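Please look at the sequence and the fold shown here, and take a moment to turn the fold around before reading on. The paragraphs that follow go from the whole chain to its parts, and then to a few single residues.

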Amino acid sequence: MNNLPPMEDLRVFCLVAQRASFAAAAEELGSSPAYVSKRVKALEQAMGAQLLHRSTRQVSLTENGDRVCQWARHMLGEISELMDDVAAGGAPCGLVRIGSSLGFGRRHVAPLIAMLSEQFPGLEIRFDVFDKLIDLVAEGVDLDIRIGNDIAPHLIARKLARNWRVLCAAPSYLAARGVPDTLDALAAHDCLVTKERDHPFGIWRMTGEPGERNIKVGARLSSNHGEIVKSWALAGHGIMLRSMWDVAPDLKAGRLVHVLPAYRQDADVWAVYPSRLSGSARVRACTEFFMRHLGDVVRGSTV
């Protein structure tokens, strides 16, 4: 191979690998599947190797394709950062993909995205919400606003705000079923379980004066959407574990009652990003913005 392949071919190929689909990549690019297929074929010819396994349902990387994809992602990221920094004189500009969880993202992150865009008009922002922990590199996410303290060591994390999860239930439920006085007593209660992004299903890890304990709870009702679980709790269907950023107003108004207040689950709010973006002007600007604004929002919801 005498010449490096065109950046556009590498970019299209990485998107196909990320989406595992020519059609999905074409939709995101605003082009046709035929164009995407043509660019990938051109890249394979330039590399002299098959990069993708193709089937009627999806595509997957070959061994060579995986190597090329990792190299291309790194190179494209470095080039993009360099061009943006030089063109803007250090001011953040270009595309930045921000992710968060469903409930927190909609309630607290989304309103700040517009403010972020106004402060940095050179940024093009794509905001996605997810119901599970994601591979930031594979999904192409530059910055994840994440709740929970279990963060992989290969990622960089900066704390944005203090937060914790508490056990709570509606007064009507507690009047009918009684108030549990120990963690073990939860086994006799209807527990409402949210499939959190950072915790195994049905395991509540609680911290109190005796230390940390993992409690396995039954889940007669469960969902991957916290707002649904909260609606069940407010309607008197059981006990839930939910973040203070969400339930503090309901506790203050008496719509919910704090159960076993000696126990809590620490779940701070973090800005998380891949180590390769540690020098990114875009990620640095966005992280510092959320540190200034998101902390006040979360603190205001937990007082």
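The protein chain contains 10 helices and 15 strands, and it should be kept in mind throughout that this is a predicted model. Taken along the principal axes, the C-alpha atoms of the protein chain fill a box of roughly 75 × 45 × 35 Å. Of the 303 residues in the protein chain, 47% are buried.

How is the protein chain divided into domains? The domain assignment gives domain 1 as residues 7–85, domain 2 as 92–163 + 268–300, and domain 3 as 164–265, and when you follow the numbers you will see that the two stretches of domain 2 are written on either side of the range of domain 3. Between the C-alpha centres of domain 1 and domain 3 there is a distance of 45 Å.

The beginning of the chain also carries an annotation, since UniProt, in an unreviewed entry, places the feature "domain: HTH lysR-type" at residues 5–62. Over residues 5–62 the chain is 62% helix and 10% strand, and the C-alpha atoms at the two ends of this stretch are 18 Å apart.

Helix 1 is a good place to look in detail, and it covers residues 7–19, which is 13 residues. From its first C-alpha to its last, helix 1 reaches 18 Å, close to the 18 Å expected at 1.5 Å a residue. Which residues of helix 1 are buried? They are Asp9, Leu10, Val12, Phe13, Cys14, Leu15, Val16, Ala17 and Gln18. When reading such a list, it helps to remember that an α-helix has 3.6 residues a turn, so residues three or four places apart point the same way.

After helix 1 comes a loop that leads to helix 2, and alanine 20 has its place in that loop. Although alanine 20 is not a glycine, it has a positive phi of about 55°, and this occurs just after helix 1. Is alanine 20 buried, partly exposed or exposed? Because its relative accessibility is 24%, alanine 20 counts as partly exposed.

Two packed helices are described by the angle between their axes and the distance between the axes. Helix 1 and helix 2, the latter made of residues 22–29, pack at an angle of about 125°, with their axes 8 Å apart. Because of that angle, helix 1 is oblique to helix 2. Helix 1 passes helix 2 in a right-handed crossing.

Leucine 260 can be set beside alanine 20, for leucine 260 also is not a glycine and has a positive phi, here of about 45°. Leucine 260 lies in the loop between strand 13, at 257–259, and strand 14, at 265–266. Leucine 260 counts as buried because its relative accessibility is 9%.

Finally, two pairs of residues show how positions far along the sequence are placed in space. Tyrosine 173 lies in helix 7, which spans residues 171–177, and because its relative accessibility is 3%, tyrosine 173 counts as buried. Tyrosine 173 and arginine 255 are 82 residues apart in sequence, and C-alpha to C-alpha they are 11 Å apart in space. Arginine 107 has its place in helix 5, residues 102–119, and with a relative accessible area of 30% arginine 107 is partly exposed. Its C-alpha atom is separated by 9.7 Å from that of tryptophan 245, although arginine 107 and tryptophan 245 are 138 residues apart along the chain.

Technical notes:
Residues numbered from 1 in each chain as written. Predicted model: local features only at pLDDT ≥ 70, side-chain atom pairs only at ≥ 80, totals over all residues. Heavy atoms only, no water. UniProt positions renumbered as here; feature names shortened; annotations may be inferred. Helix = DSSP H or I, 4+ residues; strand = E, 2+ residues; numbered from the N terminus. Domains from an automatic or database assignment. Expected span 1.5 Å × (residues − 1). Buried < 20%, exposed > 50% of the residue type's maximum accessible area, 1.4 Å probe, protein only. Axes fitted to C-alpha atoms, helices over the stretch in contact; angles between N-to-C directions. Parallel < 35°, antiparallel > 145°, perpendicular 65-115°, else oblique. Left-handed = near helix turned anticlockwise from the far one by under 90°.
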